[in-house]
Amino acid sequence: KSTQIKMLAEHLRAAGQTVEVMREPGGTEVGEEIRHLLQHAKAGHTITPETELLLFAASRAQIVREKVRPLLASGVFVILDRFLDSTSVYQGIARGLPAPSVQAINAFAVGGTLPHLTVLLDLDTETAWQRIHATGRELDRMESQPREFYEKVRQGYLALARAEPERIAVVDAGRAPEIVHADILKLVETRRHAL
């Protein structure tokens, strides 16, 4: 994700577009505190799935109102590293929380602010697992989940893409970064011209 986000942002900036890249959870002072709690804080290891869902939603509500809406209103191209689909999949499908509750909380958090395009970088679970562990860095709480969890996550994302093909585009992330980037550029340009 990081490589593709960087390549897309650089391309858009070179074309004269003002671009803001943010991450979720995070992107605001409040969001970064929540991110730390969710990923690294010792207290985070006892978080229940319900609490996890609400913390992600709190961070999302903050970034939408504090950053995303004002930026979009001023003509900035906003790239978010993760957004509401992550919660639908991680907390809803992989953690087993009821889909109607997750959807209602997501809807409340974003307040109607939805992406024009969501790019789903698809990679088989084994390769993704190897890439995560090849970094050599200490894994956070979410990255430390077992392979089975990640297979649920992958299947959840693919199911969402099938349910919302007008918004979610699946891109094969197992290919060379330049090829993946070219596919993403086509998707972005097609969507921008359609708006």
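Accessible areas are taken from the Shrake-Rupley method with a 1.4 Å probe. On this basis the accessible surface of the protein, which is described here from a predicted model, amounts to about 10500 Å², and 57% of that surface belongs to carbon and sulfur atoms. Of the 195 residues of the protein, 43% count as buried. The charged side chains comprise 24 positive and 25 negative charges, and the mean positions of these two sets lie 1 Å apart.

The secondary structure of the protein consists of 8 helices and 4 strands, which follow one another along the sequence in the pattern α-β-α-α-β-α-α-β-α-α-β-α. The radius of gyration of the protein is 17 Å, close to the 16 Å expected from the globule rule for 195 residues, and the protein is therefore as compact as a globular protein of that length. Taken along the principal axes, the box filled by the C-alpha atoms has dimensions of roughly 45 × 35 × 35 Å. When contacts between residues at least 6 apart in sequence are considered, 75% of them join residues at least 24 apart.

Two loop positions have backbone features that deserve mention. In the loop between strand 1 (19-23) and helix 2 (29-39), where P25 is found, a cis peptide bond joins E24 and P25, with omega at about -5°. In the loop between strand 2 (77-81) and helix 4, which holds R82, the phi angle of R82 is near 85°, a positive value in a residue other than glycine. The relative accessible area of R82 is 31%, and this residue is classed as partly exposed because the value lies between the 20% limit for buried residues and the 50% limit for exposed ones.

Helix 4 (residues 84-94) contains S86, which has a relative accessibility of 9% and therefore counts as buried, the cut-off being under 20%. The side chain of S86 makes a polar contact of 2.9 Å with the side chain of Y157. Once neighbours within four places in sequence are left aside, S86 is in contact with Q91 as well as with Y157.

Helix 5 (residues 99-110) includes N106, whose relative accessible area of 3% places this residue among those that count as buried. With neighbours within four places in sequence again excluded, the residues in contact with N106 are R60, L84, T87 and S88. Of these partners, L84, T87 and S88 fall within the residue range of helix 4.

A further buried position is provided by F149, which is found in helix 7 (residues 147-163) and has a relative accessibility of 7%. Apart from neighbours within four places in sequence, F149 is in contact with Y90, A94 and R95, of which Y90 and A94 fall within the range of helix 4. The separation between F149 and F108 was also examined: these two residues are 41 residues apart in sequence, and their C-alpha atoms are 26 Å apart in space.

Terms used:
Residues are numbered from 1 along each chain as its sequence is written. This is a predicted model: local features need pLDDT of at least 70, side-chain atom pairs count only at pLDDT 80 or more; totals for chains, interfaces and linings use all residues. Side-chain values use heavy atoms; hydrogens and water are left out. Buried means under 20% relative accessible area, exposed over 50%, partly exposed in between (1.4 Å probe, protein chains only). Contact means heavy atoms within 4.5 Å. The radius of gyration is taken over C-alpha atoms; the globule rule is 2.2 Å times the number of residues to the power 0.38. Lys and Arg count as positive and Asp and Glu as negative; His and the chain ends are not counted. The place of a charge is taken as NZ of Lys, CZ of Arg, CG of Asp or CD of Glu. A polar contact is a pair of N or O atoms within 3.5 Å; within protein, one must be able to donate a hydrogen and the other to accept it, and residues adjacent in sequence count only if both atoms are side-chain atoms.
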